[in-house]
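Grab a coffee and work through a few exercises on the structure shown here. Try each task before you read its solution.

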Amino acid sequence: MADAPKILGTDTLRQAYPKINQGITNANIALQGLTVSSEHANLALETATSVQAQFNKVTIEGDSSVEAAQARVDGENNEFSTLKERLDAKDAQAQTSIDDIIVKLNNRTVGKVSVTELGATGNGVDDDTAAIQSALDLALEKDFITVDIPQGVFKTTKELILRGNTHLRLTPDTIIDRRHQGNIIQNGATGDQYYGYNGNGNIIIEGGIFENNGHLVQQGTCMAIAHAENVIIKDVVIKNVSLGHGIEVNSSKNVLIKDSRFSGYDPGTTRKYSEAIQLDIAKSLDALPWFGAYDHTACKNVFIINNVIETSDELGGWGRGIGSHNATINRWFENIIVQGNIITDCLEWGIRGYHWKYASIQDNQIYKCGGGISVNPPLTSNVEDTKNEQGIQTNASQNITDIQINNNIINQGGGYGSAISVSGEATGIVENVILSGNSIRDYSGIGIYSTYCKFINIANNNIFKTSGTGISMSQGNHFNACGNHITEAGGNGITSTTINTSSIIGNDISRVGSHGIIVSTDSDTVNVNDNIIVGVGSGYQHIRVLTNVARIIVNGNNCRNITGSPAQYAIYFSSTVTNGIVIGNMCAGMPIQIDSMSSITLGTNVSS
């Protein structure tokens, strides 16, 4: 849509009218493109008003010239006796057009109904399904409908179907009481077929308590949204889900889920992986069991912000807090923001980004979950996830890129996975990763695990009391571990294995159970500089380098024993290490052991 140019006071009528017409055209286009957002409606109104204001400012100098005579004839060859008469007529025509726009805008917002007007009682006894559905069906007759459900307990015995262009508004004390095995609400009926993002969209679900009664009636997701665009779900409480999800967002884009609470889940014996909030892809009946189409549309532009995921009085924790568990080759989940959520007591991952790219996971708090945060490309162990959109088996994973995991708090938990895991495969590398400012404490397992990555920066994380290694890096290119604080790791402080080009710089490692830093197994081009290592396991080494490592510099490190746990060596190089430099290290009271000096340069160090 072209911008309407401003009308100048010096414009002639011939110059002015194309500008006016462009402005009116723009207003009409804006009207046709209205969505659920009231801001869009206001923008269209402001555009029309601006056109009127510009029209009122048109200045044309009247005279008897040929140009003036031509100006008295309009674009439809209607001749007016005076220029003023023509302007007045066009003024009235423009005003009529603007008035029509205003009327249409106003009509768009008059679709408002309370379910009690259509027979819902909210007494917790009567079946209110039909009354609520009748209110939702009004969206088929209006440009947009607001459906109010007041305080009360509204019993439902069948799925509620959102038709799109709907604001479903509940009070904080409204309870939707599910008494059936289906979903509470979904944006399509059984048998519907939508493609891409062209299903029922422009939806707001706001407020209320959605009681799934999973402790009474097994099975059933609470809310299912698929093939939709422009969806907001906010300030809702979802309780007691069994064998399903709190919210499934499938094949949708421009989705916001915020300020909501997800309480209580029953996994049965088969659904320990189910998420409170799941992002899914429309790949099959298993992935989208309620309606189609199965065109492999993935989710894009999803914001999951400031939610709480927890147990309830009736049921325990969720399988996973937020994430995905299906994939199709060449169809990524894109632009995913997970921020400011509090997630507790999940059986598996707090957050799992599966086949996500351009994703940010930040400022979340994860407590007592089996695993903290995981990011993976498609797993080759799952053969359905390595097929492309034509169903052809590729037998390979696929790269994902641009992942940020920043400023999260992960406290306690573990036993299922690492506190943070960024784990690719040989055929599916995780590229361009920033992992910074995270706090990990009292965790059973590895603090940060990264494998099959490229260009990953692990910086300024605080890792305190893990049963396993503080930071584990392996299999990839261009790994940096810089400025991290690792205290009381049960295993090694930092391990780096089979990496081409890596830096381990400026880390503070203390009181670890095994080695301080290990570099091993065909790693090439390595800097281990300016680290402080205080206290390793008795008989271990502060810095250990072995098994075909090449081109390594160990410089400026400060190594110190603690009472009762003497190291075997401050720095150890095995005989298969080549082209190394060891210089400027402070290792007072401890030896440096180089098994073969044939290609190692040993400079000035302080050691025993």
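The exercises below deal with a predicted model, and each solution goes step by step.

**Exercise 1: the nonpolar core**

Find which residues of the largest nonpolar core touch the most other members, and list what I552 touches.

*Solution.*
- Step 1. Start with the big picture: the largest nonpolar core has 113 residues, and the ones touching the most other members are F210, M223, I552 and F573.
- Step 2. Now zoom in on I552. Leaving out residues up to four places away in sequence, I552 touches V519, V526, V528, V545, F573, V577, N579, G580 and I581.
- Step 3. Don't stop there, since another core of seven residues lies apart from this one, with A224, A226, L288 and W290 among its members.
- Step 4. As background, nonpolar side chains in soluble globular proteins tend to be buried together.

**Exercise 2: an asparagine in a loop**

Work out whether N213 is buried or exposed, and which polar partners its side chain has.

*Solution.*
- Step 1. Place the residue: N213 sits in the loop between β10 (209–211) and β11 (223–226).
- Step 2. Check its accessibility. The relative accessible area of N213 is 4%, and buried means under 20%, so N213 is buried.
- Step 3. Look at the neighbors. Not counting residues up to four places away in sequence, N213 touches D177, R178, R179, K239 and N240.
- Step 4. Pick out the polar partners. The N213 side chain makes a polar contact with the side chain of D177 at 2.7 Å, and the N213 side chain also reaches the backbone oxygen of R178 at 2.9 Å.
- Step 5. For one more view of the fold, take N213 and V241: they are 28 residues apart in sequence, while their C-alpha atoms are 6.7 Å apart in space.

**Exercise 3: a serine in a loop**

Which backbone oxygen does the side chain of S397 reach, and is S397 buried or exposed?

*Solution.*
- Step 1. S397 belongs to the loop between β26 (371–376) and β27 (400–406).
- Step 2. Its relative accessibility is 7%, so S397 counts as buried by the under 20% cut-off.
- Step 3. The S397 side chain reaches the backbone oxygen of P378 at 2.5 Å.
- Step 4. With residues up to four places away in sequence left out, the contacts of S397 are I329, P377, P378, T380, T386, E425, T427 and G428.

**Exercise 4: salt bridges**

Count the salt bridges, then find out which parts the R320–E275 and K283–D385 pairs tie together.

*Solution.*
- Step 1. The count comes to 13 salt bridges.
- Step 2. Warm up with K258 and D259, a salt bridge whose closest N and O atoms are 3.6 Å apart. K258 is partly exposed, with a relative accessible area of 28%, and D259 is partly exposed too, at 33%.
- Step 3. Move on to R320 and E275, a salt bridge with its closest N and O atoms 3.8 Å apart. R320 lies in strand β20 (residues 320–323) and E275 in strand β17 (residues 275–280), so this pair ties together parts 45 residues apart in sequence. R320 and E275 are both buried.
- Step 4. Next come K283 and D385, whose side chains meet in a salt bridge at 3.2 Å, N to O. K283 is in the loop between β17 and β18 (300–305) and D385 in the loop between β26 and β27, so the parts tied together are 102 residues apart in sequence. K283 and D385 are both buried.
- Step 5. Finally, go back to R320: a network of salt bridges links E275, R320 and E348.

Notes: Residues numbered from 1 in each chain as written. Predicted model: local features only at pLDDT ≥ 70, side-chain atom pairs only at ≥ 80, totals over all residues. Heavy atoms only, no water. Core = buried A, V, L, I, M, F, W, Y, C linked by side-chain atoms within 4.5 Å. Buried < 20%, exposed > 50% of the residue type's maximum accessible area, 1.4 Å probe, protein only. Contact = heavy atoms within 4.5 Å. Helix = DSSP H or I, 4+ residues; strand = E, 2+ residues; numbered from the N terminus. Polar contact = N/O pair within 3.5 Å; in protein donor to acceptor, adjacent residues only side chain to side chain. Salt bridge = Lys/Arg side-chain N within 4 Å of Asp/Glu carboxyl O.
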